[in-house]
Amino acid sequence: MAIRDGFIGTIGDTPLIRLGKLSAECDCEILAKAEFLNPGGSVKDRTALGIILDAERNGRLAPGGTVVEGTAGNTGIGLAHICAARGYRCIIVIPDNQSREKLELLRQLGAQVRAVPPKPYSDPDNYQKVAARLAASIPGAVWANQFDNTANREIHYRTTGPEIWRDTEGRVDAFVCATGTGGTLAGVARYLKERKPEVRIVLADPMGSALYHWVLEGELCAEGSSITEGIGTSRVTANLEGTPIDSALRVDDQQCLDMIYRLLREEGLFVGGSSGINLVAALQLAREMGPGHCIVTLLCDRGGLYAGRLFNPDWLREAGLRVPV
Ligand code: PMP
């Protein structure tokens, strides 16, 4: 691999991993893009970079400036790294029900962290709205606004999508992933559909998210809840709007949990909950599509971020889940 230029130069160009056992089970090729190998540890390094480069390009962010974001974690981690590399101050507003590991990490990376009580999006004290107000009150600050700033989906259109196309040599038949901001799905879907209109784009949704019904019936409607973090939403963000999506699959927490333990025990891959949702959906999609298809999804971040939750039997039992053996 060629020498890369600093933290920023190390973002992207992640490997596509063939998951042998899952592939054999459904007689399809199941490929997972190892986004946890980005230098900040998640798919959101790309988003953070896309947003900062865009703000620099359009003059909103200048040397000595401040980046403010409301984030459930991974975007904040990416922003904190890039702000350190570029000399910006970084302020992260985070709901206080997120994993302790993420909160601590953000502080260690040099970000100022403001933990706020979780509130629905409609509430003026929702963490994203707190971040917007905070940015507006600080001279020289920009609000990253990852949910509605389309520089997010743009970087996935320019990098994640082309990498999948290149590494599958155009064999990709379907792409499936869960969404938080929708940036990843939106950027990858647009790129792949342009190259190959028949490629199937499928949204994987955790319980408690409104997008499954939105894709299938056109109406935002949520049922249940989920222990997964960073995915699932109650609204159609500017990033998600207009995305060519063919169908949706819904995955519950137990299925997700069984899959992440399976990935660890069968493949040696230690990943977080959204990766579990993605792989359950990929396997389901493979069965629907039939043998011989190439299905691509993402491994979004590392399991270590969730050591106290997803990999803590006591916590899981308390959450009413069966601990996989
Ligand atoms: N997985 C994890 C672990 C995440 O943190 C996020 C982003 N919040 C996603 C998946 C979803 O990515 P996107 O925001 O591009 O939809």
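**Exercise 1. Describe how H3 and H7 pack in this predicted model, and decide how the two helices are oriented to each other.**

Step 1. In the predicted model, the axes of H3 and H7 lie 8 Å apart, and the two helices pack at an angle of about 125°.

Step 2. Angles from 65 to 115 degrees count as roughly perpendicular and those over 145 as roughly antiparallel, while the rest beyond 35 degrees are oblique; H3 and H7 are therefore oblique to each other.

Step 3. The handedness can now be added, since H3 passes H7 in a right-handed crossing.

Step 4. On the H3 side the contact includes Lys-44, Arg-46, Thr-47 and Leu-49, and these meet a set of H7 residues that includes Ala-151, Asn-152, Ile-155 and His-156. Sorted by character, the residues of this contact comprise 4 nonpolar, 6 polar and 6 charged.

**Exercise 2. Work out at what angle the axes of H3 and H4 cross, and which kinds of residue make up their contact.**

Step 1. Helix H3 spans residues 44-57 and helix H4 spans residues 74-86; their axes come within 8 Å and cross at roughly 50°.

Step 2. From this angle it follows that H3 and H4 are therefore oblique to each other, and their crossing is right-handed.

Step 3. Among the H3 residues in the contact are Lys-44, Ala-48, Leu-49 and Ile-52, and among their partners in H4 are Asn-74, Gly-78, Leu-79 and Ile-82. The contact of H3 with H4 divides into 7 nonpolar, 3 polar and 4 charged residues.

**Exercise 3. Carry out the same description for H7 and H8, ending with the make-up of the contact.**

Step 1. The axes of helix H7 (residues 151-167) and helix H8 (residues 183-195) come within 7 Å, and they cross at roughly 50°.

Step 2. This angle makes H7 oblique to H8, and the crossing of the two helices is right-handed.

Step 3. H7 contributes residues including Asn-152, His-156, Tyr-157 and Trp-165, whereas H8 contributes residues including Thr-184, Val-188, Tyr-191 and Leu-192. The residues of the contact of H7 with H8 fall into 8 nonpolar, 7 polar and 4 charged.

**Exercise 4. Find which residues are closest to the ligand, and then look at how Lys-44, Asn-74 and Gly-230 approach the ligand.**

Step 1. The ligand is surrounded by 14 residues, of which the closest are Lys-44, Gly-180, Thr-181, Thr-184 and Ser-274.

Step 2. Lys-44, which takes part in the contact of H3 with H4, has a polar side-chain atom 2.6 Å from an oxygen atom of the ligand. Asn-74, on the H4 side of that contact, places a polar side-chain atom 2.9 Å from an oxygen atom of the ligand.

Step 3. Gly-230 uses its backbone instead, with an N or O atom 2.8 Å from a nitrogen atom of the ligand.

Definitions and conventions:
Residues are numbered from 1 along each chain as its sequence is written. This is a predicted model: local features need pLDDT of at least 70, side-chain atom pairs count only at pLDDT 80 or more; totals for chains, interfaces and linings use all residues. Side-chain values use heavy atoms; hydrogens and water are left out. Axes are lines fitted to C-alpha atoms, for helices over the stretch in contact, and angles run from 0 to 180 degrees between N-to-C directions. Helices (H or I, at least four residues) and strands (E, at least two) are DSSP runs, numbered from the N terminus. A crossing is left-handed if the near helix is turned anticlockwise from the far one by less than a right angle, and right-handed if clockwise. Contact means heavy atoms within 4.5 Å. Ala, Val, Leu, Ile, Met, Phe, Trp, Tyr, Cys and Pro count as nonpolar, Asp, Glu, Lys and Arg as charged, and the others, Gly among them, as polar. A residue is near a molecule or strand if one of its heavy atoms lies within 4 Å of it. A polar contact is a pair of N or O atoms within 3.5 Å; within protein, one must be able to donate a hydrogen and the other to accept it, and residues adjacent in sequence count only if both atoms are side-chain atoms.
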